[in-house]
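Here are three short exercises to work through with the structure open beside you. Try each one yourself before reading the solution.

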Amino acid sequence: MTLLDTDHNATLQAKARDHLWMHFARQSVMTDGPGVPIIVKGEGHHIWDAAGKRYIDGLAGLFVVNAGHGRRRIAQAAAKQAEELAFFPLWSYAHPAAIELAERIANLAPGDLNHVFFSTGGGEAVETAFKLAKQYWKTQGQPTKHKVISRAIAYHGTTQGALAITGLPGMKHMFEPVTPGGFRVPNTNLYRAAESGFGGGTPEEFGLWAADRIEQMIQFEGPETVAAVFLEPVQNAGGCFPAPAGYFQRVREICDKYDVLLVSDEVICAFGRLGHYFGADAYGYQPDMITFAKAVTSGYSPLGGTIVSDRIYEPFAHGDASFPHGYTFGGHPVSAAVALENLDVFEEEGLLENVRTNSPVFRSTLERLLDLPIVGDVRGDGYFFGIELVKDKATKESFDDDESERLLRGFLSKALFDAGLYCRADDRGDPVIQLAPPLTLGPSDFDEIEQILRSVLTEAWTRL
């Protein structure tokens, strides 16, 4: 591993300060602060910074590197493809890597989701599904069906169309007006179900109540105006909300009843995060479309896509019909070759089975943290967990904005990183720590993560 000497690191920090605009980040970290962490190497489920310090990658980069870092065979597959055909578009042409990958993904997808429209990332995949839903209904003689329903606090992307589906006001107000037609319903945060308006009952009853809010919204807006419902199998923003048993089955019934498409946004949840290739399989429901990205290549090259059912594809299959939509780098040959090799790794090493076997151990290890006064809830599924932090466990009182700022950005994010754990401390909903590591981790790694979290959270409590 080549580490950066002090002078080189200082030079890079200066270049970053002068020229690099980071994503979802405060530039003041570089312009007014000490600089930004520079990561120089990844191997397995660890990363190293410029000084040679090792960290557990507790977020798989950004819910991405499911097969782990440093896979030479995947890098070699990319190089081989680049030598043969580095680029060609899918605009009225095709190439073998995209064809083979489309077939492989279609064979893995549930039911009749047999057609893959490639993009380069998750936001583009959601944008594709949104536009396709609206055009599909026009082909069916129902042009007024253009609205989309999603859940509160849900993140579905940052493009103007995807922002209409995203349920995070803080990500939208500076870009208003965004594309019209997005409507919000309660999410499946069981820990704060009462705050959503649920009157009480079992988790299953809460799930049915939350699903019925979708029916209520469709009725209120008019079924003749609603095109699709967008849902993640486990909602990311807000801190890993799984759905109670029966929720997705009820949503499917509602969509069928009112002739509304069900889109499973699996940009995070697909390709092993929940121990299955698709979250729809993990929870036993059949969507009309699935969006994916991130782990399809384990991040070795950018790729996303939208998997479409035979029903949605049919109006475009004959005559002069077309879907006037596309991306220059969608289905890029190198990315497609990387994805094929990545899926070979998944199968040969049994990564999905590893998640299914060890997920209960991961959960129980994190649940040990519930003895801390600052930990209110541990939730999630597969290798995808959130830890909600509270000021008062008895009342579930959360932190106000100033306290959350001091807790998450003022202390926790840096303290966890300094302690050797890269993860996410987030307050887009209530304050949470999120963990979504590579699928290669096992019980000893869970113990190490728990020990780091316990130490840092114990200190955080003393600082409040």
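Keep in mind that this is a predicted model.

**Exercise 1.** Find out how many disulfides the whole structure holds, then check Cys 255 and Cys 269.

*Solution.* Start with the cut-off: two cysteine sulfur atoms must lie within 2.5 Å to count as a disulfide. A search of the whole structure turns up zero. For Cys 255, the nearest cysteine sulfur belongs to Cys 269 and is 18 Å away. Now turn to Cys 269: its nearest cysteine sulfur, that of Cys 240, is 8.6 Å away, so Cys 269 is in no disulfide either. Finally, look at accessibility. Cys 255 is buried, at a relative accessible area of 1%, and Cys 269 is buried with a value of 1%.

**Exercise 2.** Which residues have the most contacts inside the largest nonpolar core?

*Solution.* First take the core itself, which has 65 residues. Its best-connected members are Ile 105, Phe 271, Ile 387, Leu 389, Leu 412 and Leu 453. Next, ask where the core residues come from: helix α13 (residues 333–349) gives the largest share, with eight. Then zoom in on Ile 105, whose contacts beyond four places in sequence include Phe 271, Phe 278 and Phe 292. Last, note a second, separate core of 35 residues, with Cys 240 and Tyr 258 among them.

**Exercise 3.** Is Gln 13 buried or exposed?

*Solution.* Locate Gln 13 in helix α1 (residues 6–19). Its relative accessibility is 14%, and buried means under 20%, so Gln 13 counts as buried. Beyond its neighbours within four places in sequence, Gln 13 contacts Gly 35, Val 36 and Ile 38.

Definitions and conventions. Residues numbered from 1 in each chain as written. Predicted model: local features only at pLDDT ≥ 70, side-chain atom pairs only at ≥ 80, totals over all residues. Heavy atoms only, no water. Buried < 20%, exposed > 50% of the residue type's maximum accessible area, 1.4 Å probe, protein only. Core = buried A, V, L, I, M, F, W, Y, C linked by side-chain atoms within 4.5 Å. Helix = DSSP H or I, 4+ residues; strand = E, 2+ residues; numbered from the N terminus. Contact = heavy atoms within 4.5 Å.
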